[in-house]
Number of protein chains: 2
Amino acid sequence: MKKTLEFLEKHHDRYEQELIDILKVPSISSNPDNSEDMRDMAEMLKQEMRSIGMDNTQIIETGGHPVVYSEWLNAPGKPTLLIYGHYDVQPVDPIELWNSPPFEPVIKNGKIFARGSADDKGQIYIHLKAIEAVLATTGELPVNVKLVFEGEEEVGSIHLEGFIKEYQEMLAADYVVISDTPMFREGYPGITYGLRGLAYLQVNLRGTSTDLHSGSFGGLVKNPINALVEILAQMKDNDGRILIPGFYEDVLPITENEHDKLSKLPFSAEDFARSINAPELFGEAGYDDLERLWARPTFDINGIWGGFQGEGAKTVIPAEAHAKVSMRLVADQDPDDIAKKFTAYIESLAPNSMEVDVDAMHGGFGYVTDLDNPGLQAGVRALSRAFGKEVDFLREGGSIPIVKVFADIIKAPVLLLGYGLPDQNAHAPDENFSLYNFHKGIESIVYFLEEIGGLK
Amino acid sequence: MKKTLEFLEKHHDRYEQELIDILKVPSISSNPDNSEDMRDMAEMLKQEMRSIGMDNTQIIETGGHPVVYSEWLNAPGKPTLLIYGHYDVQPVDPIELWNSPPFEPVIKNGKIFARGSADDKGQIYIHLKAIEAVLATTGELPVNVKLVFEGEEEVGSIHLEGFIKEYQEMLAADYVVISDTPMFREGYPGITYGLRGLAYLQVNLRGTSTDLHSGSFGGLVKNPINALVEILAQMKDNDGRILIPGFYEDVLPITENEHDKLSKLPFSAEDFARSINAPELFGEAGYDDLERLWARPTFDINGIWGGFQGEGAKTVIPAEAHAKVSMRLVADQDPDDIAKKFTAYIESLAPNSMEVDVDAMHGGFGYVTDLDNPGLQAGVRALSRAFGKEVDFLREGGSIPIVKVFADIIKAPVLLLGYGLPDQNAHAPDENFSLYNFHKGIESIVYFLEEIGGLK
């Protein structure tokens, strides 16, 4: 271990230079003009994997941008890690808002500014450089490792699920590791152990066959917008609790352990409100702010429309009214079950004067990694050793669909060891990545490989 | 009177021919190509007024299409009627849906088909022909009469209010008579004695300065669409009663007399629902259907919008949400007062997490003529004598803004003696006017002049 750390010290500057080199490649997956660059990027990664000592290095075609794969499986009896990341990046527009060109990396105040620096090239390089250091100094890894870097994450991982299914046997692993999330605050390592799911639906109400004049018909027909607001107002009580019967049935409660861990995180409701110019925050009674944001399900109306929306006044009773609604779910809520319960509730509330139909549009499960999971605990120890700080336990309010895909097909817990920072501008101008996190991240993965290797 | 009725009998066919002649003129006020026709029409009416014996016949410029005016003021001590009508007509599109050309009048099944036949040339001719018959057979009228026929009713009576104000003294009258409304049913004469008013407002809610991602922010911010539906759901209770504090304060109650009269009208809720394809009707508890439609105020959301309205799913918490709402008012509700009460109520309901503003867009008073008004009673007797049937007492769910303009400036009750039929297609292809109603209408105005002349 001492040798490995010395190696990191010695190659500190080369590692940064190599990171700069891959950040120069404009691997924008959504832009057909960059398809050559996507190939170059995949080829560079394959060469890098080969040169650090990975085996079975290959570029695997998917029908879109290829997956770069390699493995090191010479630790029989030891756990196997599947490390996933992506080498494609977001587009750069609005380019005029960048302070330096997105593909000409610049180091300022300990951060490297370039498109893809945090999302996700800097984070996949942490794994490559950690593996390099361990293999170079010990000749072996303490665990088995499989690397899967895709080129379509920024365009919805179109071919990833098919790829994982096709290569399911090759990808078998005990843990899936993804480094593509931010830490909660600078200097403090973080593990994201939970994600929310989603159920998204559209509600359509129809009262009459055509729009009506409110003078000639008003008072004797039910207005579908009136009906819609009356129905949707019954989705939550004044405490912010969702009223759909059975909605909370499968919700995993927040454990005391989780509550303690989340409540340690510094969070200022005032700063949060100020950052979005909200006069005041609002959330479910009985829960802390971060629990509301990460660990509790929500009900939001994402869109509503009906009747006259133009300038001026039109005295119409519209024939129809519509709303798009979604619920952020948490483990173990089933989006199909929630869609059914929502639909039944809407139908029970709709007046006889309305035809109502509900379209379930899409959904996904939430995800949570047990805080006692040995792989997660290994990650906690590794991060804490490298950064010299207690690890922040984080959840994420949104979804990362690939997490659930890996968890379901590989049937292994997914560990989200993230090295980004909250102000990394991942999809915006001036994307940046902390070099402190880059180097501490490499060190943490060295420890992590050791910690996982120590598990039965 | 006998002579006058014989005159009507004798000139029956000529009257129809003259109606056909004026219906041939395409006096479409909204179409600049017809401005010559508008002039011709005004000129024809002026000649007609002169030839039947009206005095001071003139075409008065307004800045738009002119008003045709005349008077007969040789009945000192007798009441004065101001008879208003309009000589302009609606456009004819979709022309291809007409069964005969709109300006080539055709008589079929006792109805004359032509644009403007019911709305309003047929109805102003009723007055002209009645006056002609009385003057021709008696040499005088039993009342003083002023005729005001405008050319801009179908384009919003743009210059009428200015005209009435300018010529206020010349137009002074004891009663204003307008024949531009339909009867409730074929064969039964009707008087419309009430109109509803209007208060139209827009509600704007803002939660944050920009749209937010529902994954990253959902659960901790109030969604303005959720807030809007919760607020608007509190405008009515389950009985359809409006909950705005003080809303009903100035509502004139429906008298027992009115209730009896309205309840005599044959009205089938089933047919009404079927005609608009409504699964079921809905109205305020404790009132009959026609009372809900005509004599009670309403609250309707005319438009609502916010967030994502496109195809598919977008998990946005929008920054803003909006609604256009209107209330049909009844006498004596004041639209400004109602707008203030609505605004105060909305502000009291809005959560602290929202910025709310309410724009009062426009409004108008409702109108009602006292059923005991002697002029109205004279109309009832006249109509009943001519048609041989009891008169239907009607109200109208919408507004006729000029009624309120006349009532306020002339300071006289407005009597709406209407000779159209419910299926007259006033603004649609195949507009038509019943020739039975035309001739009975003339007879009824002969009686009406006599009845009014008998009043002190």
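**β9 and β13, chain A.** I began with strand β9 (residues 197-206) of chain A, in what is a predicted model. Ten bridges tie β9 to strand β13 (residues 320-329) of chain A, and the two run antiparallel. I looked up one facing pair: Q202(A) is opposite K324(A) in β13(A).

**The whole sheet.** I then followed the pairing outward. The strands form an open sheet of eight, with antiparallel pairing. I noted the order as β14(A)-β9(A)-β13(A)-β11(A)-β11(B)-β13(B)-β9(B)-β14(B). The edges are β14 (355-364) of chain A and β14 (355-364) of chain B, each pairing on one side only. From one strand to the next, the twist averages 15°.

**The junction.** Where do the chains join in this sheet? I found β11 (residues 300-307) of chain A pairing with β11(B), antiparallel, over five bridges. W305(A) stands opposite W305(B) there.

**Helix on the sheet, chain B.** I checked what lies across the strands. Helix α11 (residues 335-349) of chain B crosses β9 (197-206), β13 (320-329) and β14 of chain B. Its direction is at about 165° to β14(B).

**Symmetry.** I looked up how chain B maps onto chain A. A rotation of 180° with 0.1 Å of shift along its axis superposes them, with an RMSD of 0.1 Å. That is the relation of a two-fold axis. The same surface serves both copies, as 100% of the contact residues of chain B recur in chain A.

**Interface.** I recorded 65 residues of chain B in contact with 65 residues of chain A. Strand β11 (residues 300-307) of chain B gives the largest share of the chain B side, eight residues. That side divides into 25 nonpolar, 27 polar and 13 charged residues.

Terms used. Residues are numbered from 1 along each chain as its sequence is written. Chains are lettered from A and ligands numbered from 1 in the order in which they are written. This is a predicted model: local features need pLDDT of at least 70, side-chain atom pairs count only at pLDDT 80 or more; totals for chains, interfaces and linings use all residues. Copies are superposed by least squares on the C-alpha atoms of residues with pLDDT of at least 70 in both. Two residues are in contact if their C-beta atoms, placed from the backbone, lie within 7 Å. Helices (H or I, at least four residues) and strands (E, at least two) are DSSP runs, numbered from the N terminus. Ala, Val, Leu, Ile, Met, Phe, Trp, Tyr, Cys and Pro count as nonpolar, Asp, Glu, Lys and Arg as charged, and the others, Gly among them, as polar. Two strands pair if DSSP finds at least two bridges between them. Axes are lines fitted to C-alpha atoms, for helices over the stretch in contact, and angles run from 0 to 180 degrees between N-to-C directions.
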